[in-house]
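Trainee: Hey, got a minute to walk me through this one?
Mentor: Sure, pull it up and we'll go through it together.

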Amino acid sequence: AYILDIESRNPESELEKGVLVRAWVDREEFSILKFEVFPGAFGGAEYLLGTASHGKTNVRISDVHYFGEVNGGIRYPTQTEILITYNEEPKEGIETTHKEKSHGARILSSIITTYSYNKYLFFNITVDDPVFHD
């Protein structure tokens, strides 16, 4: 696949600098196989990340879309993943997964939401109405 990085011509903030969208494009069909949207492409991303960063560090938000279903030469979405990861500030006395007490180590947290699209139904509709015809 070709990998295309889309950047802003006139970034208005630090968040808008660099890659905003990365797309994987099929070399033969030129259809989009996958694309990832970075936070700078979202309106209000500074507020979202600022709120998410309160008491946390290294917040990362990822929004990835996959296109795998093909019908009639058109590629349809098959999955969307929204991933938020961050390191929480060190905490004393927190139980870890091993039932031991944390002694101030950073805790990596991750939230992922996955939407899967399947069982597409493809059909044609014919309308015999003068509004739609000359």
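**Getting oriented**

Mentor: The protein chain has 8 strands and 1 helix. Keep in mind that this is a predicted model.

Trainee: Okay, in what order do the elements run from the N terminus on?
Mentor: Starting at the N terminus, the order is β-β-β-α-β-β-β-β-β.

Trainee: And how many of the residues count as buried?
Mentor: The chain has 134 residues, and 22% of them count as buried. As for the outside, the chain exposes about 10200 Å², with carbon and sulfur atoms supplying 54% of that.

Trainee: What about contacts across the sequence?
Mentor: Take the contacts between residues at least 6 apart in sequence: 41% of those join residues at least 24 apart.

Trainee: Switching topic: how many salt bridges are there?
Mentor: Searching the whole structure turns up 2. One is between D5 and R22, where the closest N and O atoms are 2.6 Å apart. That pair links distant parts of the chain, since D5 is in strand β1 (residues 2-7) and R22 is in strand β2 (residues 19-25), 17 residues apart.

Trainee: Why do charged side chains do that at all?
Mentor: Side chains with opposite charges can pair when their charged atoms come close.

Trainee: Is D5 buried or exposed?
Mentor: In between: D5 has 41% relative accessibility, so it counts as partly exposed. R22 also gets the partly exposed label, because its relative accessibility is 25%.

Trainee: And which residues make the other salt bridge?
Mentor: R75 and E29, with their closest N and O atoms 3.0 Å apart. This pair also bridges distant parts of the chain: R75 belongs to strand β5 (residues 74-88), while E29 sits in the loop between β2 and β3 (32-37), 46 residues away.

Trainee: What else does R75 touch?
Mentor: Leaving out residues up to four places away in sequence, its contacts include D26, S31, I32, L33, G68, E69 and V70, along with E29. F67 is on that list too, and the backbone oxygen of F67 is 3.4 Å from a polar atom of the R75 side chain.

Trainee: Last one: which residues form the nonpolar patch on the surface?
Mentor: L121, F123, I125 and V127, which together have about 490 Å² of accessible area.

Trainee: Where does V127 lie?
Mentor: V127 is in the segment that follows β8 (107-116). With 41% relative accessibility, V127 counts as partly exposed.

Technical notes:
Residues numbered from 1 in each chain as written. Predicted model: local features only at pLDDT ≥ 70, side-chain atom pairs only at ≥ 80, totals over all residues. Heavy atoms only, no water. Patch = residues over 30% accessible without salt bridge, like charges linked within 9 Å, V, L, I, M, F, W, Y side chains within 5 Å. Areas by Shrake-Rupley, 256 points an atom, 1.4 Å probe, with all protein chains shown as cover. Salt bridge = Lys/Arg side-chain N within 4 Å of Asp/Glu carboxyl O. Helix = DSSP H or I, 4+ residues; strand = E, 2+ residues; numbered from the N terminus. Buried < 20%, exposed > 50% of the residue type's maximum accessible area, 1.4 Å probe, protein only. Polar contact = N/O pair within 3.5 Å; in protein donor to acceptor, adjacent residues only side chain to side chain. Contact = heavy atoms within 4.5 Å.
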